[in-house]
Amino acid sequence: MDITTALFFVFSAVLLGSAFRVITAKSTVHSALFLILSFFSASCLWMLLKAEFLAITLVLVYIGAVMVLFLFVVMMLDFESTAVRESIWKHLPVASLVGALIALEIAAVLMGGFRGVENAPEIAGMAQFGNTKLLGIEIYTNYLFPLQIAAVLLLVAIIAAIALTLRGRKDSRHQDASQQVKVKKADRLRIVKVAPTVEAPSVAAADKNEGAV
């Protein structure tokens, strides 16, 4: 066994262990930290496959931006996950069956794609482009339609995440735009005419004026 194969098994074991801890950790913050470890292990696997662009993108985008932001959001929302995690064991058989079916489907797709990788002909002049340019050409020519589908799914996920966070709170205050538009000047402003009052001069001021004369 060479060093590349040994590192592959090490990072794969770390990835599987951290992914399992994401759904079994009691603290939501710990789950987010284990998810960061999962992304880092997956990035190391990409490096072993000589896909440097995908590896650095996984680190910069998911770990450096998305997961850090998600971690801050979890810490600020103070989400109570006890009731949610108690229902996980109730749905564990169905979730395990669905997970096994997804794993079999992914294995069937990947094993079929790996059969002709070693014997694939190399196009002349493509090696000088580099991984990043070749990946861009492949995505925006042969895989443009799946890319658009992924973009739509991400948009739906963003809208769903925003909708889930809009929970009603008793102490929350919001503005009703329709009521603000219907308001009139008489409802907010009242002009009162006040008669002017003139104070009588005091005795000390009158004596002072007489002395000055």
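In which kind of crossing, left-handed or right-handed, does helix 1 pass helix 2? The crossing is left-handed. Keep in mind that this is a predicted model. Its protein chain has 10 helices and 0 strands, and a good place to start exploring is the stretch that runs from helix 1 to helix 3.

**The chain as a whole**

- Follow the sequence along and you get the pattern α-α-α-α-α-α-α-α-α-α.
- The protein chain has 213 residues, and 11% of them count as buried.
- Take the contacts with a separation of 6 or more: 59% of them come from residues 24 or more positions apart.

**Helix 1 meets helix 2**

- Helix 1 covers residues 3–24, and its axis comes within 8 Å of the axis of helix 2, with a crossing angle of roughly 160°.
- That angle makes the two helices roughly antiparallel, because anything over 145 degrees counts that way.
- On the helix 1 side, the residues making the contact include Thr4, Leu7, Phe8, Phe11, Val14 and Leu15.
- On the helix 2 side, Ser31, Phe34, Leu35, Ser41 and Leu48 are among them.
- Sort the residues of this contact by character and you find 14 nonpolar, 6 polar and 1 charged.

**Ser41, a residue to look up**

- Ser41 sits in helix 2 and is one of the residues in the contact with helix 1.
- Its relative accessibility is 2%, so Ser41 counts as buried, the cut-off being under 20%.
- Leaving aside residues up to four places away in sequence, Ser41 touches Phe11, Val14 and Leu15.
- Those three partners also turn up in the helix 1 part of the contact.

**Aromatic pairs**

- The model has 2 aromatic pairs.
- One of them is Phe8 with Phe9: the ring centres are 5.7 Å apart and the planes sit at 70°, so this pair is edge-to-face. The cut-off for that label is over 60 degrees.
- Phe8 has a relative accessible area of 40%, so it is partly exposed. Phe8 also belongs to the contact between helix 1 and helix 2.
- Phe39 and Tyr62 make a pair too, with ring centres 5.3 Å apart and planes at 50°, so this one is tilted.
- The Phe39 and Tyr62 pair ties together distant parts of the chain: Phe39 is in helix 2 (residues 28–48), Tyr62 is in helix 3, and 23 residues separate them.
- Tyr62 is partly exposed, at a relative accessible area of 39%.

**From helix 2 into helix 3**

- Lys50 lies in the loop that runs between helix 2 and helix 3.
- The phi angle of Lys50 is near 65°, which is a positive value in a residue other than glycine.
- Lys50 counts as exposed, at 63% relative accessibility.
- Past the loop, Ile56 lies in helix 3, which spans residues 52–77.
- Ile56 counts as partly exposed, at 42% relative accessibility.
- Ile56 and Ser43 are 13 residues apart in sequence, while their C-alpha atoms are 7.2 Å apart in space.

How values were computed: Residues are numbered from 1 along each chain as its sequence is written. This is a predicted model: local features need pLDDT of at least 70, side-chain atom pairs count only at pLDDT 80 or more; totals for chains, interfaces and linings use all residues. Side-chain values use heavy atoms; hydrogens and water are left out. Helices (H or I, at least four residues) and strands (E, at least two) are DSSP runs, numbered from the N terminus. Buried means under 20% relative accessible area, exposed over 50%, partly exposed in between (1.4 Å probe, protein chains only). Rings of Phe, Tyr and Trp (its six-membered ring) pair if their centres lie within 6.5 Å; planes under 30 degrees apart count as stacked, over 60 as edge-to-face and the rest as tilted. Axes are lines fitted to C-alpha atoms, for helices over the stretch in contact, and angles run from 0 to 180 degrees between N-to-C directions. Angles under 35 degrees count as roughly parallel, over 145 as roughly antiparallel, 65 to 115 as roughly perpendicular and the rest as oblique. A crossing is left-handed if the near helix is turned anticlockwise from the far one by less than a right angle, and right-handed if clockwise. Contact means heavy atoms within 4.5 Å. Ala, Val, Leu, Ile, Met, Phe, Trp, Tyr, Cys and Pro count as nonpolar, Asp, Glu, Lys and Arg as charged, and the others, Gly among them, as polar.
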